[in-house]
Amino acid sequence: MATASGKSKAKLSSAGRAAAVIVALGAEHASGVYKHLREDEIERLSLEVAKLSRLSSEDLLEIVEDFYGLCITQKVISEGGVLYARDVLEKAFGPQMAASYMERISKSMQVRALEFVRKANSKNLMMMLQNEHPQTVAFVLSYARAEQASFVISQLEKEMQLDVIQRIAKLESVSPEVVNIVEEVLERRFASVVSVDMTEIGGVNYVADIMNHTDRNTEKHIFDELNRRDPLLSENIRKLMFVFEDIVNLDDMTIQRFLREVDTQDLAIAIKGSNEDVKEVLLNNVSRRAKETILTDIEYLRNVRLKDVEEAQQRIVNIIRSLEESGEIVISRGGGDEIIA
């Protein structure tokens, strides 16, 4: 059984193992599970089910048993607390498996803190937070999805945007007592979820994720001000994300790949408002005929709004990020990623 466990975990991602559980449940029970999932979760899980290759009975049994162990662990922790759960689980599964289940469920339950925030409509979340102190806004957004947080931040006053970003970046861990206090204050407008462990929230990584979902105008304002107030923090955030000006750091093959997906009009408008370095790099990676066409388009572009330039640049950045997420291109950030040819 140990060999089967290693094989199945090596072959399948966590999403793939979830799909295997759904298949093992059968259509009737699976439909009951789907009723408790969000639309994006249903879509992702259904895709994983469709992609699921044939599993041996040993692999399927190992996955189902692992899922059962996690369910039991979560139930025991919720009903009896961490210390009680550890004692029960060690007797049921042995010290090693108990520790593994405890660690995995602990991480899962940490994420559940303020789960109602992630389920909230972004506009409703904004309405709830608009009169709150920046520290409260930062705290709540640290539990939100990145796209929710970017929407809320884009709607805040310019000064508050910077304040909230800095506060999120400096958040590290929060005790359950603090989580509970905030939840009690907000429970009339949302719901209450209790965390059972120290919860890691916020941080520079999360801010970078927020900024990756933020519109170009808000992004530019935040970085301009952050460069003035806290240049080190600004640099650390930039290292973890990709912005339009970073195109100059891409290799020619990567640039040529994403340019195949870019609308010619968007490219002309984006270059019109870009610096000379970016302009040169982009034009050097298109054919001579395409370059002439783009330069002609740029020449005839008059009175282009800054908003249009920023939107065109953002669409190009979105294409680059999408290609990176699909694995078609690799972007090295802040010297931390070493590429071996």
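Which helices do the buried residues of α21 pack against? I began with this, and in the model, which is a predicted one, I found that they pack against α14 (204–212), α15 (216–229), α17 (252–259) and α18 (264–272).

**Entry 1: the chain as a whole**

I looked up the overall make-up and noted 21 helices and two strands in the protein chain. Of its 341 residues, 42% are buried. I then turned to the contacts with a separation of 6 or more, and found that 75% of them join residues 24 or more positions apart.

Before going further I checked the confidence, and the mean pLDDT of the chain is 76, with 78% of the residues at 70 or more. Over residues 1–10 the pLDDT is below 50, and this stretch has 15 contacts in the model beyond near neighbours in sequence. Residues 191–200 also have a pLDDT under 50, and for them I noted 34 contacts beyond four places in sequence.

**Entry 2: helix α21**

I went back to α21, which covers residues 306–325 and so has 20 residues by the record of its run. From its first C-alpha to its last the helix reaches 28 Å, which is close to the 28 Å expected at 1.5 Å a residue. I listed its buried residues as Val309, Glu310, Ala312, Gln313, Gln314, Ile316, Val317, Ile320, Arg321 and Leu323. After the helix comes Gly327, for which I noted a positive phi, near 85°.

Is Gln314 of this helix buried or exposed? Its relative accessible area is 12%, and because buried means under 20%, Gln314 counts as buried. Setting aside neighbours within four places in sequence, I found Gln314 in contact with Thr214, Asp215, Arg216, Glu219 and Arg321.

**Entry 3: α15 against α21 and α16**

I next looked at how α15 meets α21, and noted a packing angle of about 90° with the axes 9 Å apart. The two helices, α15 and α21, are therefore roughly perpendicular to each other. From α15 the contact draws on Arg216, Asn217, Glu219 and Lys220, and from α21 on Glu310, Gln313, Gln314 and Arg321.

For α15 and α16 I noted an angle of about 135°, with the axes 6 Å apart. This pair is therefore oblique. On the α15 side the contact is made by Phe223, Leu226, Asn227, Arg228 and Arg229, and on the α16 side by Pro231, Leu233, Ser234, Ile237 and Arg238.

**Entry 4: the nonpolar cores**

Which residues have the most contacts inside the largest nonpolar core? I found that this core has 35 residues, and that Leu125, Leu141, Val164, Ile168 and Ile237 are the ones with the most contacts inside it. Two or more residues each are given to this core by α9 (122–129), α10 (134–141), α11 (146–155), α12 (158–170), α14, α15 and α16 (231–239). The largest share, six residues, comes from α12.

I followed Ile237 further and, not counting residues up to four places away in sequence, saw that Ile237 touches Ile165, Val204, Val207, Ala208, Met211, Phe223 and Leu226. There is also a second, separate core of 28 residues, and I noted Ile269, Ala270, Ile271 and Ile294 among them.

**Entry 5: two residues towards the start of the numbering**

I looked up Tyr34, which lies in helix α3 (residues 27–34). At 22% relative accessibility Tyr34 counts as partly exposed, because the cut-off for buried is under 20%. Leaving aside neighbours within four places in sequence, I found Tyr34 in contact with Ile22, Ile42, Leu45, Ser46 and Val49. With Ser46, one of these, I noted a C-alpha to C-alpha distance of 9.7 Å from Tyr34, the two being twelve residues apart in sequence.

Leu70 has its place in helix α5 (residues 57–80). Its relative accessibility is 18%, and I therefore entered Leu70 as buried. How far apart in space are Leu70 and Met102, C-alpha to C-alpha? They are 8.3 Å apart, with their positions 32 residues apart in sequence given as the separation.

Terms used
Residues are numbered from 1 along each chain as its sequence is written. This is a predicted model: local features need pLDDT of at least 70, side-chain atom pairs count only at pLDDT 80 or more; totals for chains, interfaces and linings use all residues. Side-chain values use heavy atoms; hydrogens and water are left out. Helices (H or I, at least four residues) and strands (E, at least two) are DSSP runs, numbered from the N terminus. The expected span of a helix is 1.5 Å times one less than its number of residues. Buried means under 20% relative accessible area, exposed over 50%, partly exposed in between (1.4 Å probe, protein chains only). Contact means heavy atoms within 4.5 Å. pLDDT is the predictor's confidence in each residue, from 0 to 100. A nonpolar core is a set of buried Ala, Val, Leu, Ile, Met, Phe, Trp, Tyr and Cys residues joined through side-chain atoms within 4.5 Å. Axes are lines fitted to C-alpha atoms, for helices over the stretch in contact, and angles run from 0 to 180 degrees between N-to-C directions. Angles under 35 degrees count as roughly parallel, over 145 as roughly antiparallel, 65 to 115 as roughly perpendicular and the rest as oblique.
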